[in-house]
Amino acid sequence: MDEELIQRLESAVTRLEALSAGGFSGGVSPGEGEAAAVLDPSIIAFDDLRSQFAGRVRSAAEKIGGRVLDVTKIVEEAFEAQRELLIKIKQTQKPDMSGLAEFLKPLNDVIVKATKMIEGRRPDFFNHLKAAVDSLTALAWIAYTGKDCGLSMPIAHVEESWQMAEFYNNKVLVEFRNKDSNHVEWAKALKELYLPGLRDYVKSHYPLGPVWSATGKVAVSAPPKAPTPSAPMPPPPPPASLLSSESPQASSSRPTKGMAAVFDEINSGKPVTSGLRKVTDDMKTKNRADRTGVISAGGKEGRVSSPSFSKAGPPKLELQMGRKWVVENHIGKKNLVIDDCDAKQSVYIFGCKDSVLQIQGKVNNITVDKCTKMGVVFMDVVAACEVVNCNGVEVQCQGSAPTISVDNTTGCQLYLSNGSLETSITTAKSSEINVLVPGAGPDSDWGEHALPQQFSHVYKDGQFVTTPVSHSGG
């Protein structure tokens, strides 16, 4: 008999024994209600999900150790917190929004704990940590209460949340594919935990969101915080200084104190010019030897050679005139999302640095201009995706794109999906362009291809023949 089936049967027997140990009576006590909830098919299926998929992630993490193991333990802790919430949902009536926030607090606390691991200075194995932390957003499907709650349907929410985490998960696969198979195993196991693991679980048991109890206990909202006797009340405003003749109204207008001092000096009756210095003839501009009416060539060249930089404007992410999404001047923002878009709209990204933008839906055109260390993840493009005047950017196409053009750019990583392998890629005045394509099988590594940036031109048969330059190690 299959070993996995034996483990599931043993787990079910253990639960039955726990239930029978409490005895059965006409009324159902809270403990018995919880025991019955544990035996619910949806809870048993969730336990199978954790043992089958989360166990693989843990096994791979133990081979790596360090911070990767730490963040994996937090992922397990988050799934354990969700299991406890699923059990409580079967015994609790549907709460209001404030009650829901208090109800989901244990899960939120674990996610906040995970987020702290990537704050501050960039830690070791950042891509591992970022992939794991971003993936925990998928567990928020449990907060879905209807179409007006602000979340996508549970199945779609799990898929969309993983797409954001997959950007960093793919980096792990590319970085360690030829170095350490344990890291590759960890990244693949993490993806399978959500796709198909959590997605199929939600699809089978909660496609329309969690099912609350109609007769259970009422979820209690968080009470307003009242001042405790040990916490002193805020002190009253300090009284006006006894050494000052100013009234409280006058002291509140301190920014005008400087001008008031000027007028006080004028009204004092003293000569207002007594403190001024006399300008002698040699101090006048027309008599100074170092000031002439001729502009020196050196001074003019100095002004021309110094670059003029305009200050960056405020961060912006908005839809203009209903046709153009503008994303500008974002620095260090890893969770930029455009989710309400259509095929008639374009996206223009300008002046962003160390940020990640996710475009969820089909758009007409995407332009990335003057960005540094920028990541863009999009689904489908009708016309083209253009990268212009950028440095160290990464672009991932998860659907289809007829054309991708890279112009005047240094360092560009293009990730293509199976649906975009026929994309036409055009490069000009660019270097360090790498294209990564999926492997032949679902478990195959990504294939990385460097686009040539040097060409040889030979005059032959009345015309120039151009071929890319290849360098051999021999």
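Here are a few short exercises with worked solutions on this structure, which is a predicted model.

**Exercise 1. Helix α3, its length and its bend**

Task: Check whether the span of α3 fits its number of residues, then find where α3 is kinked.

Solution:
- Start with the count: α3 has 24 residues, and at 1.5 Å a residue they should span 34 Å.
- Now compare with the model: the end C-alpha atoms of α3 are 34 Å apart, so the two values agree.
- Next, look for a bend. There is a kink of about 35° in α3, and Ala 54 sits at its centre.
- Finally, step past the end of the helix: Gly 65 follows α3, and its phi is positive, near 75°.

**Exercise 2. What α3 hides and what it shows**

Task: Decide which residues of α3 are buried, and work out whether Arg 56 is buried, partly exposed or exposed.

Solution:
- Go along the helix first. The buried residues of α3 are Ser 42, Ile 43, Phe 46, Asp 47, Asp 48, Leu 49, Phe 53, Ala 54, Val 57, Ala 60 and Ala 61.
- A handy rule goes with that list: an α-helix has 3.6 residues a turn, so residues three or four places apart point the same way.
- Now take Arg 56. Its relative accessible area is 35%, and buried would need under 20% while exposed would need over 50%. Arg 56 is therefore partly exposed.

**Exercise 3. Salt bridges between helices**

Task: Say how many salt bridges the model has, then trace what Glu 192 and Glu 77 each pair with.

Solution:
- The total comes to 20 salt bridges.
- Glu 192 pairs with Arg 56, with 2.2 Å from N to O. That ties together distant parts of the chain: Glu 192 belongs to helix α9 (residues 181-205) and Arg 56 to helix α3 (residues 41-64), 136 residues apart.
- Glu 77 pairs with Lys 113 at 3.2 Å, N to O. Here Glu 77 comes from helix α4 (residues 66-89) and Lys 113 from helix α6 (residues 105-115), 36 residues apart.
- Check the exposure of this second pair: Glu 77 is partly exposed at 33%, and Lys 113 is partly exposed at 42%.

**Exercise 4. A salt-bridge network**

Task: Find the network that includes Arg 83 and Glu 84, and sort these two by exposure.

Solution:
- Begin with the pair itself: the side chains of Arg 83 and Glu 84 form a salt bridge of 3.4 Å, N to O.
- Widen the view. Asp 47, Arg 50, Glu 80, Arg 83 and Glu 84 are joined in a network of salt bridges.
- Now sort: Arg 83 has 13% relative accessibility, so it counts as buried. Glu 84 has 30%, so it counts as partly exposed.

**Exercise 5. Strand β9 and a loop residue**

Task: Work out which strands pair with β9, then see what Lys 429 touches.

Solution:
- β9 (residues 410-415) is mostly covered, with 5 of its 6 residues buried.
- One partner is β7 (residues 391-397), parallel to β9 over 5 bridges. Within this pairing, Gln 413 of β9 is the bridge partner of Glu 394.
- Another partner is β11 (residues 431-437), also parallel, over 5 bridges. Leu 414 stands opposite Val 435 in β11.
- Lys 429 lies in the loop between β10 (424-428) and β11. With a relative accessible area of 69%, Lys 429 is exposed.
- Setting aside neighbours within four places in sequence, Lys 429 is in contact with Asp 407, Asn 408 and Thr 409. Lys 429 and Asp 407 are 22 residues apart in sequence, yet 5.9 Å apart in space, C-alpha to C-alpha.

Definitions and conventions. Residues numbered from 1 in each chain as written. Predicted model: local features only at pLDDT ≥ 70, side-chain atom pairs only at ≥ 80, totals over all residues. Heavy atoms only, no water. Salt bridge = Lys/Arg side-chain N within 4 Å of Asp/Glu carboxyl O. Helix = DSSP H or I, 4+ residues; strand = E, 2+ residues; numbered from the N terminus. Buried < 20%, exposed > 50% of the residue type's maximum accessible area, 1.4 Å probe, protein only. Expected span 1.5 Å × (residues − 1). Bend = angle between axes of the 7 residues up to and from the residue. Pairing = 2+ DSSP bridges. Contact = heavy atoms within 4.5 Å.
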